[in-house]
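Here are some notes to go with your first look at this one. Have the sequence and the 3D view open side by side, and take the points in order.

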Amino acid sequence: MRVTTLLAATVVALVAGIVTGSADMAFAAAGQPTDWALGFQDSRSPVMDDLVWFDNFLLVLITVISLFVLALLIIIMVRFNAKKNPEPSKTTHNTLIEVLWTVVPILILIVVAVPSFRLLYKQMEVPEADLTIKAIGYQWYWGYEYPDHDGLFFEALMLEDDELAEGQPRLLATDTEVVVPVNATVRLQITSEDVIHAWAIPSFGVKMDAVPGRLNETWFRATEVGTYYGQCSELCGIRHAYMPITVKVVTQEEFDEWILWAKEEYAAAPSAYDVADAQR
Ligand SMILES: [Cu+2]
């Protein structure tokens with residue numbers, strides 16, 4: 001009795017949460033998590049569009065398979081139980097059924113494999129890039145290099161709670177932002193200086209390990225102006241949860257202005273890593 005009450009309460013709480021939460025979701029921006037949201041953050045890149053499609057496709061497929069197996073189980077329980085079917089058949093082989101239950105799963109796997117591999121290639125093969133950015137993981141923040149723009153380099157540290165401006169999400173906003181032009185293909189090179197981290201932005205469908213001594217490569221094309229947040233996604237140490245990623249997608253003109261400003265602003269500042277090095 002108590003278990004059912006508890007279960008009922010949980011279901012009511014969940015439904016209430018989803019109903020009230022959906023009001024928030026209506027005006028929630030893509031690029032950051034929302035209270036009570038289910039599923040992925042909204043897609044803002046071609047790769048994420050495909051990932052969302054593939055996820056929905058698999059959901060339909062597994063639902064159909066599960067319902068089919070459930071129907072078979074129910075038929076067996078109803079029609080062939082000991083009461084209804086006291087003298088069971090002695091059949092042990094049926095060639096047609098054996099061929100079917102071998103061939104049909106193979107066909108299903110092929111149907112899953114084709115879009116899956118197509119998507120893997122889409123993620124792995126970087127199209128001709130408009131901009132290259134190198135993200136470097138440090139314990140516990142990210143550094144960014146713009147090799148196309150005189151090797152512009154800056155670091156992005158998480159903002160503490162008392163440093164947040166209006167509208168900046170806690171544990172996700174950083175002091176400097178990766179700025180990219182909208183609809184530009186960005187080649188992302190990812191590496192690390194110490195341990196394995198991972199650079200990820202859910203709305204772009206990007207998640208790539210940052211491995212010391214290795215240069216990993218991926219890409220994204222942000223399709224809408226806005227601010228997008230992600231987090232280090234490889235357990236990297238005590239402050240793993242506090243090295244978020246902020247990407248600001250702006251128009252080409254705003255980007256050109258930002259580059260000029262950033263070259264002045266960041267060139268003068270010694271990197272936090274150099275400072276730490278000097279103190280050793
Ligand atoms: Cu990390």
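**Notes on the fold, the core and the copper site**

1. Let's start inside the protein, at Tyr-144. Leaving out residues up to four places away in sequence, Tyr-144 touches Ile-133, Lys-134, Ala-135, Leu-152, Phe-153, Phe-154, Ala-156, Val-178, Trp-199 and Ile-245. Bear in mind that this is a predicted model.

2. Where does Tyr-144 fit in the largest nonpolar core? That core has 37 residues, and Tyr-144, Tyr-146, Trp-199 and Trp-258 are the ones touching the most other members. Helix α4 (residues 252-268) is the top contributor to this core, giving five residues. As background, nonpolar side chains in soluble globular proteins tend to be buried together.

3. Now step back to the whole chain. You should find five helices and ten strands. Of the 280 residues in the protein, 30% are buried. Among contacts with a separation of 6 or more, 64% are between residues 24 or more positions apart.

4. Next, the copper ion. Its protein donors are His-197 (ND1), Cys-232 (SG), Cys-236 (SG) and Met-243 (SD), at 2.0 to 2.6 Å from the ion. Why is the arrangement called tetrahedral? The four donor atoms subtend angles of 92 to 127° around the copper ion, and four donors count as tetrahedral if all angles lie between 85 and 135 degrees.

5. Along the sequence, the copper donors follow the spacing H-x34-C-x3-C-x6-M. His-197 sits in strand β6 (residues 197-201), while Met-243 is in the loop between β9 (226-230) and β10 (245-250), so this pair ties together parts 46 residues apart in sequence. Both His-197 and Met-243 are buried.

6. Cys-232 deserves its own look. You'll find Cys-232 in the loop between β9 and β10. Is Cys-232 buried or exposed? Its relative accessibility is 5%, and buried means under 20%, so Cys-232 counts as buried. Apart from neighbours within four places in sequence, Cys-232 is in contact with Trp-142, His-197, Ala-198, His-240, Met-243 and Ile-245. The C-alpha atoms of Cys-232 and Ile-196 are 9.7 Å apart, with their positions 36 residues apart along the chain.

7. Thr-191 is another residue to click on. Thr-191 belongs to strand β5 (residues 185-192), and with a relative accessible area of 10% it is buried. A polar atom of the Thr-191 side chain lies 3.3 Å from the backbone oxygen of Val-211. Setting aside neighbours within four places in sequence, the contacts of Thr-191 include Lys-134, Ala-135, Ile-136, Gly-137, Ala-210 and Arg-214.

8. On to helix α2 (residues 46-79). At 1.5 Å a residue, its 34 residues should span 50 Å, and the end C-alpha atoms are 50 Å apart, so the two agree. Which residues of α2 are buried? Pro-46, Val-47, Met-48 and Phe-54 are, and the buried residues of α2 pack against α3 and β8 (216-221).

9. Finally, helix α3 (residues 95-124). Its 30 residues should span 44 Å at 1.5 Å a residue, and its end C-alpha atoms are 43 Å apart, which agrees. At the start of α3, look for Asn-94: one of its side-chain oxygens comes within 3.2 Å of the backbone nitrogen of Leu-96.

How values were computed
Residues numbered from 1 in each chain as written. Predicted model: local features only at pLDDT ≥ 70, side-chain atom pairs only at ≥ 80, totals over all residues. Heavy atoms only, no water. Donors = N, O, S within 2.8 Å, 3.2 Å for Na, K, Ca; no water. Tetrahedral: all angles 85-135°; square planar, octahedral: opposite > 155°, others 65-115°. Helix = DSSP H or I, 4+ residues; strand = E, 2+ residues; numbered from the N terminus. Buried < 20%, exposed > 50% of the residue type's maximum accessible area, 1.4 Å probe, protein only. Contact = heavy atoms within 4.5 Å. Core = buried A, V, L, I, M, F, W, Y, C linked by side-chain atoms within 4.5 Å. Polar contact = N/O pair within 3.5 Å; in protein donor to acceptor, adjacent residues only side chain to side chain. Expected span 1.5 Å × (residues − 1).
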